[in-house]
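Reader: I would like to learn how to read a model of this kind feature by feature. Could you take me through the general idea each time, and then the case at hand?

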Amino acid sequence: MPQGVALTEDELSGVVARAECLHDAAAVAAGIERLAAEITAKLSATQPLVLGVMTGAIVPLGRLLPYLQFPLELDYIHATRYHKSTIGRELVWLARPQTPLRGRTVLLVDDILDEGHTFKGLLDACREEGAEAVYTAVLADKPNPRREPGMVADFIGVTVPERYVFGAGMDYKGYLRNLDGIYAAHRDDED
Ligand SMILES: O=P(O)(O)OC[C@H]1O[C@H](OP(=O)(O)OP(=O)(O)O)[C@H](O)[C@@H]1O
Ligand SMILES: Nc1nc2[nH]cnc2c(=O)[nH]1
């Protein structure tokens, strides 16, 4: 096994083989197009500042941007609470946006909304920085009974069940973000 690597190729193949495909590549593509249409309808006249929530936003945001054919600025924000694990902990800030938020319409783009603690922290921070309006877009919405009260994404690509999911930007212990579909990990692989 190469140095510094946490999971072997065989272990990762096993995780994928045992997983359930929830949304195949075509369904993910349709979800991205749905997001783009709804975001365009709502925000195309606002010159929004689009903030990708690293790292999970990379794939959905990269796929979304070419469909957003109106003036926008792009920056990123980085806060994490899963740390290559399947269990969320406290939110740790890694990077704040360099673009001033004061008076701006901000669109936060992320891969998944689950318990909502990440978006809660990001929304509070954007408002504290003076954003005029803050919208949220996620590729995958996971309705979770433990969801932070009031946290609902404004724009949703697809819905996933209350399972640990990966692919289309979402990681399994730091891996598998590069799969083109969305998969639910087998219960035995969840911790
Ligand atoms: O709604 P929540 O329960 O707070 O979880 C959602 C967050 O969890 C993941 O981030 P993670 O901390 O794993 O970092 P990542 O973007 O590097 O995957 C995901 O990208 C969301 O930002
Ligand atoms: N990859 C991944 N990240 C998450 N963050 C919160 N829930 C999830 C999930 O189900 N999968």
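**Reading the fold, the sites and the backbone**

Author: Let us begin with the overall make-up, keeping in mind that this is a predicted model. Over residues 22–155 the chain is 28% helix and 29% strand, and the C-alpha atoms at the two ends of that stretch are 19 Å apart. The stretch is chosen for its record: an unreviewed UniProt entry carries the annotation "domain: Phosphoribosyltransferase" for residues 22–155.

Reader: Is strand 2 enclosed or open to the outside, and how does one decide?

Author: One counts the buried residues along the strand, where a residue is buried if 20 or more other C-beta atoms lie within 10 Å of its own. In strand 2, residues 49–54, five of the six residues are buried, so the strand is largely enclosed by the rest of the structure.

Reader: Which strands pair with strand 2, and in what sense do they run?

Author: Pairing is read from the bridges. Strand 2 is joined by six bridges to strand 3, residues 73–80, and the two run parallel; within this pairing Leu49 has Glu73 as its bridge partner. The connection between these two strands passes through helix 3, residues 58–64, and the resulting β-α-β crossover is right-handed. Strand 2 also runs parallel to strand 5, residues 105–113, to which four bridges join it, with Leu51 partnered by Leu108.

Reader: What does the antiparallel sheet look like, and which strands stand at its edges?

Author: For a sheet one gives the order of the strands and then asks which of them have a single partner. Here three strands form an open sheet in the order 1-9-8, with antiparallel pairing. Strand 1 (20–23) and strand 8 (165–166) are the edge strands, each with a single partner strand, so one side of each has no neighbour in the sheet. Strand 8 pairs with strand 9, residues 182–184, over two bridges, and Phe166 has Tyr183 as its bridge partner there.

Reader: How should I read the surroundings of a single helical residue, for instance Leu64?

Author: Take the neighbour count, and then the contacts with residues that are distant in sequence. Leu64, which belongs to helix 3, counts as buried because it has 24 C-beta neighbours inside 10 Å. Leaving out residues up to four places away in sequence, Leu64 touches Ile32, Leu35, Ala36 and Val109. A second case is Ile39 in helix 2, residues 25–43, which is buried because 23 C-beta neighbours lie inside 10 Å. Beyond its neighbours within four places in sequence, Ile39 is in contact with Leu68, Leu107, Ala137 and Phe155. The C-alpha atoms of Ile39 and Thr136 are separated by 9.7 Å, although these residues are 97 apart along the chain.

Reader: What surrounds ligand 1 and ligand 2, and how do the residues of each shell divide?

Author: A shell is described by its members, by the elements that supply them and by their character. Around ligand 1 there are 17 residues, of which the closest are Gly56, Tyr82, Asp114, Glu115 and Thr118. Strand 5 gives the most to this shell, with four residues, and strand 5 and helix 4 (117–128) each supply at least two. The shell of ligand 1 divides into four nonpolar, seven polar and six charged residues. Ligand 2 is surrounded by Tyr82, Ile112, Asp114, Tyr164, Val165, Phe166, Met170 and Asp171, a shell that comprises six nonpolar residues, no polar ones and two charged ones.

Reader: Where does the backbone show a cis peptide bond or a positive phi outside glycine?

Author: These features are read from the torsion angles, and each is then placed in its element. The peptide bond joining Met54 and Thr55 is cis, with omega about 0 degrees, and Thr55 lies in the loop between strand 2 and helix 3. Lys84, in the loop between strand 3 and strand 4 (92–95), has a positive phi near 60 degrees, and this residue counts as exposed because it has 12 C-beta neighbours inside 10 Å. Ala168 also has a positive phi, near 55 degrees, and is placed in the loop between strand 8 and strand 9. Ala168 is buried, because 30 other C-beta atoms lie within 10 Å.

Terms used
Residues numbered from 1 in each chain as written. Chains lettered and ligands numbered in written order. Predicted model: local features only at pLDDT ≥ 70, side-chain atom pairs only at ≥ 80, totals over all residues. Near = placed C-beta within 6 Å. Nonpolar A, V, L, I, M, F, W, Y, C, P; charged D, E, K, R; others polar. UniProt positions renumbered as here; feature names shortened; annotations may be inferred. Pairing = 2+ DSSP bridges. Right-handed = clockwise from strand over helix to strand, strands pointing away. Contact = placed C-beta atoms within 7 Å.
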